[in-house]
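Dear colleague,

I am passing on the structure below, together with notes on what was found in it. Please read the notes with the structure open beside you.

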Amino acid sequence: MAAFREAVVAWASGGSGDRARTLATRLPVRTAVLLEGPSDAAAVDALAERHGRDLAAEGICVLPMGGAMSIARFAALLGPDGLGLRLTGLCDEAERGFYERGLERAGVTGQEQEFYVCAADLEEELIRALGVPRVEELVREEGELRSLQTFQRQPAQQDRTAAQQLRRFLGTTSGRKIRYGRVLTEALPSARVPAPLESLLAAL
């Protein structure tokens with residue numbers, strides 16, 4: 001499935017789609033979960049593992065696109081006019097329009113559209129679900145509490161709430177959002193999984 005994902009990304013970047021088509025048939029792939037970035041993918045994979053599911057073995061490709069504005073390109077390649085896969089995914093409220101228009105252009109309209117919307121983004125949903133003290137505890141367990149405290153003392157952070165500071169902190173270093181996408185999801189109590197994430201997994 002990782003090879004299929006790489007082939008699709010290369011195809012969306014202007015390369016040949018031959019390898020993606022071949023792998024889609026061989027695996028076989030039935031569903032593509034279109035996500036804005038790799039931190040979202042880390043959270044989806046972590047929640048699936050908590051439920052004892054192997055999405056790749058089920059024919060489900062979790063595919064970070066590199067931004068919501070790529071949805072039209074990926075949907076065209078993978079949807080009804082492309083590989084014919086079922087399309088679903090997560091997006092932020094601010095990017096809802098990109099998803100709706102992109103899926104419509106790919107021939108997925110109205111009630112056929114299956115995507116789930118986070119308020120600000122998935123990190124904000126996870127922080128709200130866990131609460132600031134628990135997220136700070138997890139940051140400490142990851143050995144980054146001092147870095148967080150230094151960040152919180154910066155003048156630009158003084159007018160932000162603690163939750164907003166945490167959300168900004170997760171995006172300050174390359175790879176941090178991806179790591180915490182998994183860390184925060186694994187720490188969620190079963191009853192506190194954010195609705196968009198829980199609904200997405202339940203629909204797969």
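Directly after helix H6 comes glycine 131, whose phi is positive, near 90°, and please keep in mind here and throughout that this is a predicted model. At the other end of H6, aspartate 121 caps the N terminus, with one of its side-chain oxygens lying 3.3 Å from the backbone nitrogen of glutamate 123. H6 is largely enclosed by the rest of the structure, because seven of its nine residues are buried. Those buried residues are Leu122, Glu123, Glu125, Leu126, Ile127, Ala129 and Leu130, so that Glu123 appears both in the cap and in the buried set.

Helix H3, residues 38-50, is likewise followed by a glycine with a positive phi, in this case glycine 52, where the value is near 70°. The helix has 13 residues and reaches 18 Å from its first C-alpha to its last, which is close to the 18 Å expected at 1.5 Å a residue. Its buried residues are Ser39, Asp40, Ala41, Ala42, Ala43, Val44, Ala46, Leu47 and Ala48, and they pack against strands S1, S2 (60-64) and S3 (86-92) as well as helices H6 (122-130), H10 (176-187) and H11 (195-203).

Strand S1, residues 31-35, includes threonine 31, which is buried, with a relative accessible area of 1%. The side chain of threonine 31 makes a polar contact of 3.3 Å with the side chain of arginine 30. Leaving aside neighbours within four places in sequence, threonine 31 is in contact with Gly59, Ile60, Cys61, Arg86, Thr88 and Leu204. In the loop between helix H2 (18-26) and S1 you will find proline 28, and the peptide bond that joins leucine 27 to proline 28 is cis, with omega about -15°. As background, most peptide bonds are trans.

The last item is a pair of packed helices. Helix H8 (residues 145-152) and helix H9 (residues 162-170) pack at an angle of about 115°, and their axes are 10 Å apart. H8 passes H9 in a right-handed crossing. On the H8 side the contact is made by Ser147, Leu148, Phe151 and Gln152, and on the H9 side by Gln165, Leu166, Arg168 and Phe169. By character, the residues of this contact divide into four nonpolar, three polar and one charged.

With best regards

Notes
Residues are numbered from 1 along each chain as its sequence is written. This is a predicted model: local features need pLDDT of at least 70, side-chain atom pairs count only at pLDDT 80 or more; totals for chains, interfaces and linings use all residues. Side-chain values use heavy atoms; hydrogens and water are left out. Axes are lines fitted to C-alpha atoms, for helices over the stretch in contact, and angles run from 0 to 180 degrees between N-to-C directions. Helices (H or I, at least four residues) and strands (E, at least two) are DSSP runs, numbered from the N terminus. A crossing is left-handed if the near helix is turned anticlockwise from the far one by less than a right angle, and right-handed if clockwise. Contact means heavy atoms within 4.5 Å. Ala, Val, Leu, Ile, Met, Phe, Trp, Tyr, Cys and Pro count as nonpolar, Asp, Glu, Lys and Arg as charged, and the others, Gly among them, as polar. Buried means under 20% relative accessible area, exposed over 50%, partly exposed in between (1.4 Å probe, protein chains only). A polar contact is a pair of N or O atoms within 3.5 Å; within protein, one must be able to donate a hydrogen and the other to accept it, and residues adjacent in sequence count only if both atoms are side-chain atoms. The expected span of a helix is 1.5 Å times one less than its number of residues.
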